[in-house]
Amino acid sequence: MLVQSMWKDRLSFSDLKGEASAGLTRRIEGLKAMGCGLLRFAVPDLESAEILGNLAPMVSMPLVADIHFDHKIALRCLDFPIAKLRINPGNIGSRDRVEAVLSKAASARIPIRIGVNAGSLPADLRAEVDAGRLDTAEALVRAAQRELAVFEEFGFQDVIVSMKASGIADTISANRIFAARSDVPLHIGVTEAGPLAAGVARNSAALITLLSEGIGDTIRVSLSDSVENELIAGREILAAVAELAGEKPRGVRIVSCPLCGRSSFDTHAFTARWLGRLYAMDCAAEKDITVAIMGCAVNGPGEARHADLGISGAGDKVLIFRRGKVVRTISEAEADAAFEEELERL
């Protein structure tokens with residue numbers, strides 16, 4: 001299952017030069033190492049198309065162009081080695097403009113995602129919903145079916161559909177209805193889901209339900225937060241679905257205590273420093289391990305004895321343990337270096 005995300009900032013040509021370029025490409029490659037399979041960029045104008053087109057060959061991450069309203073932007077993006085277009089045919093103009101985009105995408109062998117959102121339904125469907133004659137889920141499905149009909153008319157088949165709402169029930173219902181009517185692949189997620197805690201909760205409720213029913217081919221956890229946290233949330237949702245299905249968890253699993261007055265080790269700061277490295281490690285090496293980050297002796301080797309590697313506070317010292325057995329006792333200042341040494345031995 002592919003997890004994808006969306007770049008949060010608008011790029012400029014200066015971002016592709018010098019130190020800024022090195023930092024940009026390093027972060028994008030880091031996202032790929034953490035498990036990002038596709039990274040989408042908003043392309044609101046032709047200049048943005050040029051920037052994305054120049055960025056695409058600089059990174060190994062497949063990049064997606066997200067386009068609305070102007071078919072010329074889509075056509076320009078197709079001149080570059082992008083991985084996919086995300087468009088809504090209904091808002092890029094007349095039939096000949098849609099045909100031009102589909103024809104060029106077909107020639108370039110670039111797939112297209114039809115993206116339909118509850119907040120931007122066609123006017124007639126919106127009126128039906130507002131009048132109470134049609135529910136939002138059915139309106140989303142009908143909007144997607146309209147766009148698919150255009151693609152089918154022109155013989156374009158390399159397509160995936162997404163129907164997103166900010167409501168959990170609408171998101172689940174729309175995707176269930178569509179999956180019952182069509183075998184076109186689905187990209188799923190809750191849009192405008194909110195900040196970190198709220199967004200993860202809402203996406204988890206919708207995505208775990210749908211994925212457990214076999215609905216969904218790619219996912220994005222949309223958050224008012226970092227790209228990195230979107231990826232971590234997406235991967236953890238997939239792990240939860242696998243666990244609920246009785247499958248053995250794959251990759252690096254991190255367990256950590258929430259901190260309390262007993263804690264003598266700052267698990268929050270330590271976890272934040274190591275999240276990216278740990279998630280990237282299992283992608284690169286396909287390691288299946290559990291790492292425990294605990295705050296005190298109560299929640300240390302005893303409670304986390306199942307962990308392949310763990311670290312815990314113990315008074316003014318820090319313990320490193322393997323499967324419940326303490327292997328090193330160090331100062332907090334030595335914690336990161338010692339943890340890295342033990343991690344590399346796994």
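Me: What makes a space in this structure a cavity?
Reply: On a 1 Å grid over the protein atoms alone, a cavity is a set of points where a 1.4 Å probe fits but cannot get out. The structure holds 1 cavity of 30 Å³ or more, where a volume is the space filled by probe spheres set on the points, joined across faces, edges and corners. This is a predicted model, in which local features need pLDDT of at least 70 and side-chain atom pairs pLDDT 80 or more, while totals for chains, interfaces and linings use all residues. Residues are numbered from 1 along each chain, and side-chain values use heavy atoms, without hydrogens and water.

Me: Which residues line the largest cavity?
Reply: Lining residues have an atom within 4 Å of a point. For the largest cavity, of about 40 Å³, they are Asn88, Val116, Asn117, Ser120, Leu121, Pro122, Ala143 and Glu147.

Me: Why is 1 residue of that lining called charged?
Reply: Asp, Glu, Lys and Arg count as charged, Ala, Val, Leu, Ile, Met, Phe, Trp, Tyr, Cys and Pro as nonpolar, and the others, Gly among them, as polar. Glu147 is in the lining, so it counts as charged; the lining also has 4 nonpolar and 3 polar residues.

Me: What puts the buried residues of α11 on the same side?
Reply: Buried means under 20% relative accessible area (1.4 Å probe, protein chains only), and helices are DSSP runs of H or I, at least four residues, numbered from the N terminus. In α11 (residues 335–345) the buried residues are Ala335, Ala338, Phe339, Glu342 and Leu343. They cover an arc of only 135° around the axis, so they lie on the same side of α11; the arc is taken from the directions from the helix axis to the C-beta atoms.

Note on methods
Buried < 20%, exposed > 50% of the residue type's maximum accessible area, 1.4 Å probe, protein only. Helix = DSSP H or I, 4+ residues; strand = E, 2+ residues; numbered from the N terminus. 1 Å grid on protein atoms, 1.4 Å probe; cavity = no way out; pocket = protein on both sides within 12 Å on 5 of 7 lines; lining within 4 Å.
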